[in-house]
Amino acid sequence: MREKRRKFITAILMAVVMVLGGFIPSIRANAEPVGYGIWVDGTELTDANPSLNCGEGTAAYDDSTKTLTLTNATITGAYQDTSGSAEFKGFSQV
């Protein structure tokens with residue numbers, strides 16, 4: 001009797017873990033994009049949109065190396081900071 005009960009409880013726990021495990025990827029998939037605070041041509045680069053077309057070229061940000069790469073980019077738009085301050089941290093020109 002104890003063996004059947006243990007197997008039943010184990011099966012229930014496994015089912016719960018599998019159901020909850022199925023929700024975890026969908027929770028992140030529906031999450032808001034994480035902004036990097038980097039704006040190019042009036043558009044913020046995010047984890048969901050780390051690159052964009054700029055005229056005939058592109059702008060791409062690699063968060064793992066903290067590198068913004070501009071390739072033949074034509075930038076015509078601007079980001080207007082409504083707080084009245086601008087801050088640049090950890091950027092270097094290569």
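**Tyr61 and its partner**
I started with Tyr61 and looked up what sits across from it: Tyr61 stands opposite Leu68, a residue of strand 5. I should jot down right away that this is a predicted model.

**Strands 4 and 5**
Next I checked how strand 4, residues 57-62, connects to strand 5. I found 5 bridges joining the two, and they run antiparallel.

**The whole sheet**
Then I zoomed out to the sheet. It is an open one, built from 3 strands in the order 3-4-5, with antiparallel pairing. Which strands are at the edges? Those are strand 3 (51-54) and strand 5 (67-71), and each pairs on one side only. I also looked up the twist, which averages 15° from one strand to the next.

**Thr46**
I moved on to Thr46, which I found in strand 2, residues 43-46. Is Thr46 buried or exposed? The relative accessible area of Thr46 is 12%, and the cut-off for buried is under 20%, so Thr46 counts as buried. I also followed where its side chain goes: the side chain of Thr46 reaches the backbone nitrogen of Asn49 at 3.0 Å.

**Helix 1 and a nonpolar patch**
Last stop was Val16, which has its place in helix 1, residues 2-29. Its relative accessibility is 41%. Buried would need under 20% and exposed over 50%, so I put Val16 down as partly exposed. Val16 also belongs to a nonpolar surface patch, together with Phe8, Ile9, Ile12 and Leu13. I noted about 470 Å² of accessible area for these residues together.

Note on methods:
Residues numbered from 1 in each chain as written. Predicted model: local features only at pLDDT ≥ 70, side-chain atom pairs only at ≥ 80, totals over all residues. Heavy atoms only, no water. Pairing = 2+ DSSP bridges. Helix = DSSP H or I, 4+ residues; strand = E, 2+ residues; numbered from the N terminus. Axes fitted to C-alpha atoms, helices over the stretch in contact; angles between N-to-C directions. Patch = residues over 30% accessible without salt bridge, like charges linked within 9 Å, V, L, I, M, F, W, Y side chains within 5 Å. Areas by Shrake-Rupley, 256 points an atom, 1.4 Å probe, with all protein chains shown as cover. Salt bridge = Lys/Arg side-chain N within 4 Å of Asp/Glu carboxyl O. Buried < 20%, exposed > 50% of the residue type's maximum accessible area, 1.4 Å probe, protein only. Polar contact = N/O pair within 3.5 Å; in protein donor to acceptor, adjacent residues only side chain to side chain.
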